[in-house]
Amino acid sequence: MRSVVQSGSQLRIDFSHYDRRISLDQAERERIASVAANGDTLHIRTSDPLLRLLRPLKDCLKLTGAEQSQHSCLREVVVEMYNRQTAFWAWQEDAWGAVYNRCAATSTANTLQHIMAMAAILCNIDLAELRNRDRKVLRRYALSVKVFGREPVDASLDLVKNELKKLGYSGYFHRQFRFTLCELFLANRTPHARNLGANCLEELRARPVPNCMKQATYMISHALVSLGVMAAPLSPYTKVPRKRLLDEHHSLNEEWFSWCKRWLDTSTLRLTSKHSHFYRLLVAGRWLNATHPSITRPDQWSRQLAAEYIATVSRMKVGQFIDDPRQTSANRPLSPSSKFAHIQALRCFFSDAMTWDWMPPQFDPRRTFQCPRSISALRVPKPRIIAEDIWAKLLWAGLNLTYEDMPQSRRQNTKRHPLELFRALSLVWLFGGLRSDEIRRLRVGCVKWNSTKQMKAEDQSVCLLEVPANKTGGPYTKPVHRAVGEAIEEWERIRPTTKAVIDEKTGELADLLFVYRGRPLGKYIINHTVIPVLCRKAGVPERDARGSITSHRARSTIATQLYNAKQPMSLFALKEWLGHQRLESTQWYAKVTPDKLTEAYLDARYFERNVAVVQVLLDRAAIENGAAAQGETYKYVHLGHGYCANPYWAQCVHRMACQRCEFYVPGDSAKAQAFEADAHNLKLLEQIPVTETERKALEGDRKALQKLIGPVIGSR
C-alpha cells in the first residue's frame, strides 16, 4: 500500500538528476532481455543503455550500505523490469513483492532489507505485509536506518526514551519498544516522532502485527502526550479474548440465554457483580434445560418451580451445571456463601425483570427466592486473620525494605518498581486496613497532618489518610500510623508527573497516587508482587492454616487486633475506621480472640459471683468425746463479726441478718474467744451458693439488706 504520509526519506536523494520516464526504449528493452537471459554483470558505463536506470538504483544501494549485494539486487530488479516492460519508477507493491519473493529463497536477510529500502526510497512503498510475514526481516531498526539514516532514527528513539524515563519507564526499554517505534517510522514514511499521532498508533493496532507491539503503543502514546503531539494517551490495549466456553452455552436454551444477556446489558450493578450474577443465571438455565426443557422464559416460573430450584441449590455440588470441560463435578457440596449467591442472583434477576415491565408481577421475588434458614445460618462471620507472629514479621519486613528486596524485571537486569513506590504501597497495605481497589485509587495528597498544637504527645504518631469512595459509601478519612504518611510523601517527592486518569469506581478524573509508567498499578499487584516480596523478606510462607495470604486478609487482621487491644476500639468506631455503612458488615472482620475472651471471663468473676467461700470451725473435742453424736453443737460458721451455730446455715433464708438469731455467737463473747483460742479446733473452707439478693447486699445494696433483715425483725 502507499502511505498517505509523504516521504521524508526521499530527501536523501535528489531526484531532479534522474530521468524518471516510465516507458522503455528499444535499446533498453534489448539490454534488459540480455540481462534476464544471460545474467550479465551490471556495471555503470557511459555506453550502457541502462545507465539512466542503473544510476538511481546504485545510488540508493550505496546510501543503504549495500556494498556486497549490489549485483544480486540489481539483477532481480532488471529481471522484473523485463517481465513488466516498464521502468521501476511506476512499480506498486506487487512488483516489489515479486522481486522480494525471488530473492527470499537464496538471499540473506540483509539483502532482502536492501530491496525493501529501495522500494521505500525510490517509490515510497511500504511493504508491511512482507515484514510481518517473513521473520528474516523483523529487524525493523536496521531497516529504518537503511531507509531514513541512522541519525534521525536514533534521535527520535532517544527523544521518546527520555520522555518515558520522566514518566517512570526507566530500565524498561525492551525490543518491542524499538521495533514498534521503527515500525511506525516505516509505515508513516517519517523518522521523526513528532510527526506521529493518535491515528498512526490506532492504524498500527488495526494491522496484523504481534500483540506485544500493539501493547507498546500505549507506552508510546504517553511519550507523545508529554511531547505535546497528542492531547490524551490511548487506552491500554487488551487482547481480543478467545470465545469463552461458557458463552457457547451448548446445554442452554437460546431464549433463556437471550433473557440473561438482555439483563446483563441493562443492569446498573457493578461490573463484577453483573458478571457473577450472569453466570449463575446460566447455571439456572442449564438446570431448566435438564429438568424442565419446556420452560425457557422467566415469566413461566412459578413459586413451586422456585422452591424446587432452591432445594436443588441446597444440594448442589461443585462444578454441577457448569458447561466447561475444564471443570469437573467434585464430590463436595457448594459452600453456604455460593448457595446464597445462586439464590440471590435469581432474586435480583426477577426483581429487575418485574420492575422494568419485562414480565407481569406473578410473585414477590424477595420472599419467593429467600435464602433458607438452613443455609443462612451457616453463613457466619469467619474472618481469615493472619497469626500474630506471622503478622509481626510482615510488619518488620515492610518497615525494613531495601533495594535488594525489590522484584526484578524479567526482561532486563533492573528493578520493576522504585523502592519508594514499593515501600509506600507495602505500608499502606500493612497499616491502612484498606481494600485493594481503595489502595490503588488513593489520590495524590491523601495524607493530612494535624497541627502539633492541637495534638497530644502520644497522638503525634498518627496521620490522617483520605480514602476514596468505596463499594458501599462515599469518601472518608481515617487515622493511620505516621510511617504510612512519611512513606507516601517520600514517593510523592519522586513521583513522575502524569495526566489525570479516570477513576474506575466513580468515573471522575483523578490524580492517582500509585501511577507508574503512565498507568495505574495493576489489579493484582498486592497479591502477586507485594505480598510475595514481604513474605520472602520476613521468612514466612505465602500460605498458612487459613489459606493464601491475600490483600483482604490484612483488613481482617488489623480490625481484629484493634478490637482486641488492651484499650479496644468499640464496634461503632471500628465501623467508621473500616468505612462500613452497616454494623453487620464490621462483624465479618472483627473477631474476639480466645485470649481476650478468657481475660473478659476472668474479669467477670462468674464463679465468685455465684459461690461464696466461708470459714468453718469444727469443735474437735466435741467430736472426739461423742458429744456431737448426742446433739451437742460442734460446727461453727465464721461470719467475721461472730459465729453461727446453726448446722444448716447454708439453707437458712435469713443468714444475712444473724445478730438476732438464737444460733448467733457474738465475736466479742467469751465463748467465741474460747473457740478461737482452742488449738484442737479444725478450721475449714466451705463453698456455698449465693442468691441474687445476697449478692446485691454484699455489694452494698441497702434495699437488699433491708429485705433480708425485715422478716427477722418482724418475727421477733
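Asp-437 is a good place to start: this residue sits in helix α21, which covers residues 436-440. The model is a predicted one, so everything below describes computed geometry. With a relative accessibility of 15%, Asp-437 counts as buried, because the cut-off for buried is under 20%. Beyond its neighbours within four places in sequence, Asp-437 touches Glu-504 and Lys-505.

**The protein as a whole**

Stepping back, the protein has 716 residues, and 46% of them count as buried. Its secondary structure comes to 32 helices and 14 strands. Among the contacts with a separation of 6 or more, 64% are between residues 24 or more positions apart. The exposed surface is about 37,800 Å², and carbon and sulfur atoms supply 51% of that area.

**Three helix pairs**

Let's look at how some of the helices pack, beginning with α4 and α5. Helix α4 spans residues 93-104 and helix α5 spans residues 109-123; their axes are 9 Å apart, at an angle of about 170 degrees. That angle makes α4 roughly antiparallel to α5, since the term applies to angles over 145 degrees. On the α4 side, the contact is made by Trp-96, Val-99, Tyr-100, Cys-103 and Ala-104. Helix α5 answers with Leu-112, Ile-115, Met-116, Met-118, Ala-119 and Cys-123. Which classes of residue make up this contact of α4 with α5? Eleven are nonpolar, with no polar and no charged residues.

Helix α5 also meets helix α2, which runs over residues 51-64; the two axes come within 10 Å and cross at roughly 115 degrees. This crossing of α2 and α5 is right-handed. From α2 come Pro-56, Leu-57, Cys-60, Leu-61, Leu-63 and Thr-64, and they meet His-114, Ala-117, Met-118, Ile-121 and Leu-122 in α5. By class, the contact of α2 with α5 divides into nine nonpolar, two polar and no charged residues. Met-118 is worth finding on your screen: this residue of α5 takes part in the contact with α4 and also in the contact with α2.

Further along the chain, helix α24 (residues 551-563) and helix α25 (residues 571-578) have axes that come within 10 Å and cross at roughly 150 degrees. Here too the angle is over 145 degrees, so α24 is roughly antiparallel to α25. The crossing of α24 past α25 is right-handed. Helix α24 brings Arg-555, Ile-558, Ala-559, Leu-562 and Tyr-563 to the contact, while α25 brings Leu-571, Leu-574, Trp-577 and Leu-578. The contact of α24 with α25 holds eight nonpolar residues, no polar ones and one charged one. Arg-555 belongs to this contact, and it is the charged residue there, because Arg is classed as charged.

Here are the three pairs side by side.

| Helix pair | Axes | Angle | Residues by class |
|---|---|---|---|
| α4 and α5 | 9 Å apart | about 170 degrees | eleven nonpolar, no polar, no charged |
| α2 and α5 | within 10 Å | roughly 115 degrees | nine nonpolar, two polar, no charged |
| α24 and α25 | within 10 Å | roughly 150 degrees | eight nonpolar, no polar, one charged |

**Some single residues**

Leu-281 is in helix α14, residues 271-291. Is this residue buried or exposed? Leu-281 counts as buried, because its relative accessibility is 0%. Apart from neighbours within four places in sequence, the contacts of Leu-281 are Trp-256, Cys-260, Trp-263, Ala-345, Leu-346 and Phe-349. Lys-261 is 20 residues from Leu-281 along the chain, and the two C-alpha atoms are separated by 9.7 Å.

His-638 lies in strand β11, made of residues 635-638. At 25% relative accessibility, His-638 counts as partly exposed. Its C-alpha atom is separated by 9.7 Å from that of Val-665, 27 residues away along the chain.

Two loop residues deserve a look at their backbone. Most residues other than glycine have a negative phi. Arg-189, however, has a positive phi of about 60 degrees although it is not a glycine. Arg-189 is found in the loop between α9 (175-188) and α10 (198-206), and it is buried, with a relative accessible area of 1%. Asp-357 likewise has a positive phi of about 60 degrees without being a glycine. Asp-357 is in the loop between α16 (336-355) and α17 (365-368), and at 68% relative accessibility it counts as exposed.

Terms used
Residues are numbered from 1 along each chain as its sequence is written. This is a predicted model: local features need pLDDT of at least 70, side-chain atom pairs count only at pLDDT 80 or more; totals for chains, interfaces and linings use all residues. Side-chain values use heavy atoms; hydrogens and water are left out. Helices (H or I, at least four residues) and strands (E, at least two) are DSSP runs, numbered from the N terminus. Buried means under 20% relative accessible area, exposed over 50%, partly exposed in between (1.4 Å probe, protein chains only). Contact means heavy atoms within 4.5 Å. Axes are lines fitted to C-alpha atoms, for helices over the stretch in contact, and angles run from 0 to 180 degrees between N-to-C directions. Angles under 35 degrees count as roughly parallel, over 145 as roughly antiparallel, 65 to 115 as roughly perpendicular and the rest as oblique. A crossing is left-handed if the near helix is turned anticlockwise from the far one by less than a right angle, and right-handed if clockwise. Accessible areas come from the Shrake-Rupley method with a 1.4 Å probe; for residues, only the protein chains shown count as cover.
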